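Got the viewer open? Load the model below and get your selection box ready; we'll go stop by stop.

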Amino acid sequence: MNLLTYHSNIEWMIFSDSREETSKFTFKDGKVTPHHYNMIRTGTGPDKDYKIDFDTTNKVVTSSASEYPLKCEWTDEFQDAISYQVQVREGLKKKRNKLFIPAHRQKGNRRDYNFEVVEKEMISLPIGNVEAIKVKRLYDNDKRQAIAWFAPEMDYMLVRMWKGEKGMEQFEVQMNSFTVTAPTAVAPATAQQPQEAN
């Protein structure tokens, strides 16, 4: 089981917003299959705690915001609110220029994501200059915008994300550190030689 987490903490004057998102998923042959998603939000305003479970055996989606399984047509392509980022990475590795991903948001409502590769560009980050693939999310109108940058040299990791809406606040996150950890080496099994009987 794989684990992906996202945490943000914003404080401005009397406003505060802290949220943490967690996705548990399996990964096989380039396919991300989410199993559990959780979002906890605290700060100014009411606290929130959403949980979504993907039952791949019975092909149903349940949400902590609903007493019953959600009324939605099951698809094996479903992603949660953050696991879709891993699936986008896999699409970019396969040189796809357009991606369609059906996802379930925090409260369990379905939202389809459409992405389009814009260009490759060199961007400046706290970790230095990085060549990245710029990906734009396509909306039904031009009031909202979302752009993400994925770095091929870092295994297509998401290194920058920007969201904005006309007349509203903008939101941006950037990678400020990157650590590569080597997998734990497993000593090869040694075959025991049969002993001769005396």
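Start by selecting Glu90, which is buried, with a relative accessible area of 10% (buried means under 20%, exposed over 50%, partly exposed in between, with a 1.4 Å probe and protein chains only). Before moving on: this is a predicted model, where local features need pLDDT of at least 70, side-chain atom pairs count only at pLDDT 80 or more, and totals for chains, interfaces and linings use all residues. Residues are numbered from 1 along each chain as its sequence is written, and side-chain values use heavy atoms, with hydrogens and water left out.

Now add Lys93: it makes a salt bridge with Glu90, with 3.1 Å between the closest N and O atoms (a side-chain nitrogen of Lys or Arg within 4 Å of a carboxyl oxygen of Asp or Glu). Both sit in helix 1, three residues apart, about one turn of the helix. Helices (H or I, at least four residues) and strands (E, at least two) are DSSP runs, numbered from the N terminus.

Where does Lys93 reach next? Its side chain also meets that of Asp155 in a salt bridge, 3.1 Å from N to O. Asp155 is in the loop between strand 9 and strand 10, so this pair ties helix 1 to a part 62 residues away in sequence. Show Arg89 as well, and you have the salt-bridge network of Arg89, Glu90, Lys93 and Asp155.

Next, colour the sheet. It is open, with six strands in the order 6-7-8-9-10-11 and antiparallel pairing; two strands pair if DSSP finds at least two bridges between them. At the edges, pairing on one side only, are strand 6 (98–104) and strand 11 (170–174).

Stay with the sheet and pick Arg160 and Glu172, a salt bridge with its closest N and O atoms 2.7 Å apart. Arg160 belongs to strand 10 and Glu172 to strand 11, so the pair joins parts twelve residues apart in sequence. Arg160 also lies over the face of Trp149, 4.3 Å from the ring centre (CZ of Arg or NZ of Lys within 6 Å of the centre and within 35 degrees of the ring normal).

Last stop: the rings. Select Tyr84, Tyr113 and Phe115, a cluster linked by ring pairs (rings of Phe, Tyr and Trp, its six-membered ring, with centres within 6.5 Å; planes under 30 degrees apart are stacked, over 60 edge-to-face, the rest tilted). Tyr113 and Phe115 are both buried.
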